[in-house]
Amino acid sequence: GSCPQVENQHAGDVSDLSFRTKRRALKGKSIHVITPSQWLSDLARRSEVWPAGTTFNTLHYGLDLDLFQSVSKQQARSELGIVGEKTLIAFGAEDVTCQRKGVQHLLPALKQLEDKRAVECLMFGSGKLDLSDDLPLLYQLGYVDSLKRQSLIYSAADIVVVPSLEDNQPQVGLEALACGTPVIGFNAGGIPEYVRPGETGLLAEVGDSADLSKQIGWLVSHVDERQEMGVRGRKMMEQEFEKNSQSQKQVDFYKHVLSGEVDSVAF
């Protein structure tokens, strides 16, 4: 009730009807919830929609790490038509204008960089941004539906920024790490579960453009550290997000449910 996403919100609005319908449908059922992030699992646990005895487990996404892997930076930039050797910062979303994805905080962060001449930016996704003159050079590639081209983008970049204000576990960050590129993101949603400060990237305070700029600037000026973070990011992806191992965990989970041992499952 009184849902902020409902146009005509009130105590008995459509969200209240939907909630009561779901709760009736689930009553008395044996429910086992799997979420791709601990953040989402924690949110799910707070809901009163679930019947007594519902279990919750987290199983991260699985990526094809043969598709998402690093190619040489020189080759990637050449194929994308990017010239020069400046530090390249990338940002991507299905729709780059979506406010939840945080571009309204990223652009001010880029403006605040101490040496904008040292960097260039690459943006991909549907939607077109009106850019001001005080930004670094920014390539807008539009919507990219080729996994190979996505891998080229991540490989060409030195840093990928994921400034989502609320998100489960943004694929862009995972794909970038699979290609050996460190990620900077806001400390929001499931992002901190794979952006591990000092290991695979850096985190900024949610919605704080100045702090985001500070983190970007640090990685721009610390070449060796960001390369090491990229290597560790790829290793993390191999250990925790590889598609075959994650698929097998899903199968194992079903087997545990059927055997009645689900409470002992830990991913």
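1. Two strands pair if DSSP finds at least two bridges between them. With that in hand, a good place to start in this predicted model is strand E3, which pairs with E4 in the parallel sense over seven bridges. To find the register on screen, look at Thr 87, whose bridge partner in E4 is Val 119. Between these two strands the chain passes through helix H4, residues 103–111, and the resulting β-α-β crossover is right-handed.

2. E3 has a second partner that is worth a look. E3 and E6 also pair in the parallel sense, here over two bridges. Ile 89 is the residue to click on, since its bridge partner in E6 is Ile 159.

3. How enclosed is E3 by the rest of the structure? Seven of its nine residues are buried, so E3 is largely enclosed. As a reminder for anyone tracing side chains here, in a regular strand they alternate between the two faces of the sheet.

4. Now to the open spaces. The largest pocket holds about 440 Å³, and 26 residues line it. If you want to centre your view, use Ala 93, Glu 94, Lys 101, Gln 171 and Val 172, which lie nearest the middle of this pocket. By class, its lining is made up of 13 nonpolar, seven polar and six charged residues.

5. Which element gives the largest share of that pocket lining? E3 does, with four residues. At least two lining residues apiece come from strand E3 (87–95), strand E4 (119–126), helix H5 (147–156), strand E6 (159–162) and helix H6 (171–178). So that the links are clear: E3, largely enclosed because seven of its nine residues are buried, also contributes to the wall of this open pocket.

6. The search of the whole structure also turned up one cavity of 30 Å³ or more. The space in this largest cavity comes to about 30 Å³. Its lining consists of Ile 89, Ala 90, Phe 91, Leu 106, Leu 110, Cys 121, Leu 122, Met 123 and Leu 138. E3, H4 and E4 are the elements that give two or more residues to this lining, and these are the parts joined in the right-handed crossover of point 1. In contrast to the mixed lining of the pocket, the cavity is lined by nine nonpolar residues, with no polar and no charged ones.

7. Turning to the rings, the count comes to three aromatic pairs. One of them joins Trp 50 and Phe 56, edge-to-face, with 6.0 Å from centre to centre and 80 degrees between the planes. Are these two residues buried or partly exposed? Trp 50, at a relative accessible area of 28%, is partly exposed, because the buried class needs a value under 20%. Phe 56, at 14%, is buried.

8. The pair of Phe 124 and Tyr 154 is edge-to-face too, because the ring centres are 5.9 Å apart and the planes stand at 75 degrees. Phe 124 lies in strand E4 and Tyr 154 in helix H5, so this contact ties together parts that are 30 residues apart in sequence. Both Phe 124 and Tyr 154 are buried. Phe 68 belongs to the picture as well: ring pairs link Phe 68, Phe 124 and Tyr 154 into a cluster. While you are there, note that E4 and H5, the elements holding this pair, are among those that supply at least two residues to the lining of the largest pocket.

Terms used
Residues numbered from 1 in each chain as written. Predicted model: local features only at pLDDT ≥ 70, side-chain atom pairs only at ≥ 80, totals over all residues. Heavy atoms only, no water. 1 Å grid on protein atoms, 1.4 Å probe; cavity = no way out; pocket = protein on both sides within 12 Å on 5 of 7 lines; lining within 4 Å. Points joined across faces, edges and corners; volume = space filled by probe spheres on them. Nonpolar A, V, L, I, M, F, W, Y, C, P; charged D, E, K, R; others polar. Buried < 20%, exposed > 50% of the residue type's maximum accessible area, 1.4 Å probe, protein only. Right-handed = clockwise from strand over helix to strand, strands pointing away. Phe/Tyr/Trp six-rings, centres within 6.5 Å; stacked < 30°, edge-to-face > 60°.
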